[in-house]
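Subject: The structure I promised you

Hi,

Here is the structure we talked about, with the sequence alongside. Have a look at it, then read on for what turned up.

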Amino acid sequence: MTIDKLTLSLDEKIAYPDKMKKDKSFGYPNTMELKVGCGIVGDRFAGKGDRHICMLDTDVAKSIEGLEGLCTKKFTGNFLTTGLNYKSLKLGQKFKAGSAEIEIIQNGKKCYPECPLVMAKTPCNLSKGSAFAKVTKSGEVKLGDELIPIA
């Protein structure tokens, strides 16, 4: 289970790196600092609630590209992963990520009845290939780090 891509939701006041999406709302660092009670240091959503980290399967991220749903244009995972079976994740399950530790607090993303995909009965994999986690031990996560289950 590998972290393939790290994504940071940037505050408008942060200088944007050269290699970013056109809308300049996301950055792609090689490392992230995770902090208990805060989440990802430098992320515009840091400190807001317990859903510190959004995890998203890399194949799911590719499958939603170009879909016209409510969430598909704006939803981005902080950790894009391969090899993690999202269907088997349990609430409270913990993982070591780099020198940090995280805990699953929500498995899957909620769909909204007003979403054009839901209304058209078009499949969207966000509800099955994503999860939210909170930071339980501060530390650093690097691109390519393994997500190691903690017994």
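Glu101 stands opposite Lys137 in strand 10. That pair belongs to a stretch where strand 9 and strand 10 (residues 130–137) run antiparallel, joined by 6 bridges. Keep in mind throughout that this is a predicted model.

Strand 9 (residues 100–107) also pairs with strand 8 (residues 94–97), again in the antiparallel sense, this time over 4 bridges. How many residues sit between strand 8 and strand 9 in their hairpin? There are 2, and Gly98 in the turn has a positive phi of about 65°. Ala97 has Ala100 as its bridge partner in strand 9. As general background, strands of a sheet pair through backbone hydrogen bonds, either parallel or antiparallel.

Now for the wider view. The protein chain has 2 helices and 12 strands. Reading from the N terminus, the order of elements is β-β-β-β-β-β-α-β-β-β-α-β-β-β. Of the 151 residues in the chain, 40% are buried. If you take the contacts with a separation of 6 or more, 71% of them are between residues 24 or more positions apart. The accessible surface comes to about 8,500 Å², and carbon and sulfur atoms account for 53% of that.

There is also an open sheet of 3 strands, in the order 5-4-11 and with antiparallel pairing. Strand 5 and strand 11 (139–142) stand at the edges; each has a single partner strand, so one side of each is left without a neighbour in the sheet. Strand 4 (residues 31–35) is joined to strand 5 over 2 bridges, in the antiparallel sense. One end of a bridge here is Lys35, whose partner in strand 5 is Gly39.

Just along the chain is a residue I'd like you to look at: His52, in the loop between strand 5 (39–40) and strand 6 (53–57). Is His52 buried or exposed? With a relative accessible area of 10%, it falls under the 20% cut-off, so His52 counts as buried. A polar atom of the His52 side chain lies 3.3 Å from the backbone oxygen of Gly49. Setting aside neighbours within four places in sequence, His52 is in contact with Gly37, Cys38, Gly39, Ile40, Asn78, Ala133, Lys134 and Val135. Gly39 is a name you have already met, as the bridge partner of Lys35.

Last, the empty space. Rolling a probe the size of a water molecule over the atoms shows where empty space is left. The largest pocket holds about 580 Å³ of space. It is lined by 26 residues, and the closest to its centre are Phe45, Arg51, Cys54, Phe75 and Phe132. Which elements give two or more residues to the lining of this pocket? They are strand 5 and strand 6.

As for enclosed space, the structure holds 1 cavity of 30 Å³ or more. The largest cavity has a volume of about 110 Å³. Its lining takes in 13 residues, with Cys71, Cys111, Cys115, Cys124 and Leu126 the closest to the centre.

If you want a route through the structure, try the Gly98 turn, then the loop with His52, and finish at the cavity with Cys71 among its lining residues.

Cheers

Key: Residues numbered from 1 in each chain as written. Predicted model: local features only at pLDDT ≥ 70, side-chain atom pairs only at ≥ 80, totals over all residues. Heavy atoms only, no water. Buried < 20%, exposed > 50% of the residue type's maximum accessible area, 1.4 Å probe, protein only. Contact = heavy atoms within 4.5 Å. Areas by Shrake-Rupley, 256 points an atom, 1.4 Å probe, with all protein chains shown as cover. Polar contact = N/O pair within 3.5 Å; in protein donor to acceptor, adjacent residues only side chain to side chain. Pairing = 2+ DSSP bridges. 1 Å grid on protein atoms, 1.4 Å probe; cavity = no way out; pocket = protein on both sides within 12 Å on 5 of 7 lines; lining within 4 Å. Points joined across faces, edges and corners; volume = space filled by probe spheres on them.
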